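The exercises below are meant to be worked through with the sequence and the coordinates at hand. Each task is followed by a solution that goes step by step.

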Amino acid sequence: MLKLFTAYFVCMLVLFVAVPLFARSEDTDEYEPPPGVFMGTVIDATSHVPIPDLVVIATSPSLGEAQHTRTDASGHYRLPLLPAGTYTLRFEHPGYPSHTRGDLLLRSNQTEQLQVELLPL
């Protein structure tokens, strides 16, 4: 009876230790935190009218290559799915001087709002 109990105890111990070890995902070493988002509005500083079709470019050592988007008819822009890090955003439009905002910290799983006013040329 003692042999049977010992064998049962060893089997249960192995199950409680081995199953969680083998159940672990292979991707645990490659965990990537959720991305962040930059969004905001760009307006004309004198008329306070939204600036449509303005190009917004995000650069960061965290990115392989620059990400860009355009403002919509309401002057809104959105740069989603960006890894956490320090960014520089550049705003470009033919009727306005290029504007750069640097050292912008984007945290994982956060949305950072950035409103910009540009003076026309």
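**Exercise 1.** Does F38 count as buried or exposed, and at what relative accessibility?

*Solution.* The model is a predicted one. The cut-off for a buried residue is under 20% relative accessible area, and F38, at 2% relative accessibility, therefore counts as buried. The next step is to place F38 in its surroundings: the largest nonpolar core holds 19 residues, and F38, V42, L89 and F91 are those that touch the most other members. Two or more residues of this core come from each of the elements β1 (36-44), β2 (55-59), β4 (76-82), β5 (85-93), β6 (96-106) and β8 (116-118).

**Exercise 2.** Describe the aromatic pairs, giving the geometry of each and the strands that each one links.

*Solution.* The structure holds two aromatic pairs. In one of them, F38 and Y87 are arranged edge-to-face, with 5.4 Å centre to centre and 75° between the planes. Because F38 lies in strand β1 and Y87 in strand β5, this pair ties together parts that are 49 residues apart in sequence. Y87 counts as buried at 1% relative accessibility.

Y77 and F91 also form an edge-to-face pair, with 5.8 Å centre to centre and 70° between the planes. Here Y77 belongs to strand β4 and F91 to strand β5, 14 residues apart, and the pair links distant parts of the chain. Y77 is buried, with a relative accessible area of 3%, and F91 counts as buried at 0% relative accessibility. Leaving aside residues up to four places away in sequence, F91 touches a set of residues including V42, L54, V55, V56, Y77, P97 and V116.

**Exercise 3.** Which side chain does the side chain of T41 join through a polar contact of 3.0 Å?

*Solution.* T41 lies in strand β1, and at 17% relative accessibility this residue counts as buried. The polar contact of 3.0 Å joins the T41 side chain to that of H76. Residues up to four places away in sequence not being counted, T41 touches S74, G75, H76, Y77, L114, Q115 and V116.

**Exercise 4.** Examine H48 and D53 for backbone angle, location and accessibility.

*Solution.* Begin with the backbone: H48 has a positive phi of about 60° although H48 is not a glycine, and D53, likewise not a glycine, has a positive phi of about 60°. As to location, H48 lies in the loop between β1 and β2, and D53 is found in the loop between β1 and β2. For accessibility, H48 is exposed, with a relative accessible area of 51%, whereas D53 is partly exposed, with a relative accessible area of 45%.

Conventions: Residues numbered from 1 in each chain as written. Predicted model: local features only at pLDDT ≥ 70, side-chain atom pairs only at ≥ 80, totals over all residues. Heavy atoms only, no water. Core = buried A, V, L, I, M, F, W, Y, C linked by side-chain atoms within 4.5 Å. Buried < 20%, exposed > 50% of the residue type's maximum accessible area, 1.4 Å probe, protein only. Helix = DSSP H or I, 4+ residues; strand = E, 2+ residues; numbered from the N terminus. Contact = heavy atoms within 4.5 Å. Polar contact = N/O pair within 3.5 Å; in protein donor to acceptor, adjacent residues only side chain to side chain. Phe/Tyr/Trp six-rings, centres within 6.5 Å; stacked < 30°, edge-to-face > 60°.
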